[in-house]
Amino acid sequence: MQSFKFIFLLLISILHLRCHNPASDSIIKSDIELIVLGIAQDAGYPQANCQKVCCQKFYDQQETKKHVSCLGIIDHISNSIFILDATPDFPYQLQLLKSFQEDNRDYSLDGIAITHAHIGHYTGLMHLGREAMGASNIPVFAMPRFKAFLENNGPWSQLVDLKNINIQTIKEDSVTMLNEHISLTPMLVPHRDEYSETVGFMVETKNKKALFIPDIDKWSKWNRSIDSLIQIVDFAFLDGTFYDNGELPNRDMSEIPHPFIEESIWAFSTLSLKDKEKIHFIHFNHTNPVLFESSAASKNVSNQHFALAREGNRFALID
């Protein structure tokens, strides 16, 4: 009997270690939470017309769908929710965020903040229109060029004309209050700016900060110190589009610049263990092996004391 009890306890311990997710440590119960609603690059996973092994895993039912990179904020004090980037997976992600509502309360969508005008980051706004939600004056926080793009190009201009959305202009390094508890500060980052600026966001409450930079060309091209920003935040969700330089063998990857995860691991190698553990890579291309939790690449990232964002991860934004 004693040996059976020992084996039972050992199995429980092993299962705990295998199921343990560092992100879950950061949320027990919080009045304001940040929730990962998606982790994939703009085109999602699987990607259209992809015949590669990576996407075939989905069709062979070996892997689940991965939704486009997006963060949600839920304020249990004000019964409010906010979304950072409106992706093509907006219906699912809004429902996922609402699933965290408490006590059968119906929280209101009180704002959407957009980082830039690439397809995975703003096209979900279409679901606010007359053919879908028929929303009324949903605040959309947008930089000046992106505001002009929405106002002067269909079908987005129809959202403005029909007052489905109410565009709130945000400015570089200027604090915008989402509500009385949460502020948003945009920071310009270098990226392909065909239709709008590209920004990252600093989200702040009274005692927590979270950084969200899903797209940037290279850390070395930025006129800010990413290390310094990591040191002052509690969580950093950073561009992890590609794992390494050989990921797209038939493409010149300099034409689609992003900091490879391997590059970032090296660049952040001098950070303290505490600061490394703040970093959660996000925005994974369908070819990126870290999409799959059992991959050697995912295990390598974890072994280097960094994290990979996973859908449904919850983080406390207020103590």
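Begin by selecting Asn 79, whose place is in the loop between β2 and β3. This is a predicted model, and in it the phi angle of Asn 79 is near 55 degrees, which is a positive value in a residue other than glycine.

From that loop, widen the selection to the sheet that contains both neighbouring strands: seven strands form an open sheet here, in the order β6-β5-β4-β3-β2-β1-β14, and their pairing is mixed. At the edges stand β6 (165-169) and β14 (314-316), each with a single partner strand, so one side of each has no neighbour in the sheet. If you look from one strand to the next, the twist averages 25 degrees.

As general background, the strands of a sheet pair through backbone hydrogen bonds, and they may do so in a parallel or an antiparallel way. To see one such pairing, select strand β1 (residues 32-38) together with β14, which run antiparallel and are joined by three bridges. Within this pair, colour Ile 35 and look across to Arg 314 in β14, which stands opposite.

Now add helix α4 (residues 90-98), which packs on the sheet and touches β1, β2 (70-75), β3 (80-84) and β4 (108-113). The direction of helix α4 makes about 140 degrees with that of β3. Next, select helix α6 (residues 144-152), which lies across β5 (138-142) and β6 and runs at about 155 degrees to β6.

Follow the chain on from helix α6 into the loop between α6 and α7 (156-161), where Pro 155 is found. The peptide bond from Gly 154 to Pro 155 is cis, with omega near 0 degrees. Another cis peptide bond, again with omega near 0 degrees, leads from Tyr 45 to Pro 46, and to find it you should select the loop between β1 and α3 (53-59), where Pro 46 lies.

Which strands make up the other sheet to visit, in the order β7-β8-β9-β10-β11-β12-β13? Seven strands form this open sheet, from β7 through to β13, and the pairing is mixed. Its edge strands are β7 and β13 (307-308), each of which pairs on one side only. Inside the sheet, select β10 and strand β11 (residues 235-239), which pair in the parallel sense over four bridges. Here Ala 210 has Phe 235, in β11, as its bridge partner.

The next stop is a pair of charged side chains, Arg 224 and Asp 173, which form a salt bridge whose closest N and O atoms are 2.2 Å apart. Arg 224 lies in the loop between β10 (209-213) and α8 (226-232), while Asp 173 lies in the loop between β6 and β7 (176-177), so the pair ties together parts that are 51 residues apart in sequence. A search of the whole structure finds 12 salt bridges.

Finish at the second largest pocket, which has a volume of about 450 Å³. Which residues lie nearest the centre of this pocket? Select Gln 41, Phe 242, Arg 251, Ile 256 and Asn 285, which hold that position among the 23 residues that line the pocket. If you colour the whole lining by class, you will find six nonpolar, 11 polar and six charged residues.

How values were computed:
Residues numbered from 1 in each chain as written. Predicted model: local features only at pLDDT ≥ 70, side-chain atom pairs only at ≥ 80, totals over all residues. Heavy atoms only, no water. Pairing = 2+ DSSP bridges. Helix = DSSP H or I, 4+ residues; strand = E, 2+ residues; numbered from the N terminus. Axes fitted to C-alpha atoms, helices over the stretch in contact; angles between N-to-C directions. Contact = heavy atoms within 4.5 Å. 1 Å grid on protein atoms, 1.4 Å probe; cavity = no way out; pocket = protein on both sides within 12 Å on 5 of 7 lines; lining within 4 Å. Points joined across faces, edges and corners; volume = space filled by probe spheres on them. Nonpolar A, V, L, I, M, F, W, Y, C, P; charged D, E, K, R; others polar. Salt bridge = Lys/Arg side-chain N within 4 Å of Asp/Glu carboxyl O.
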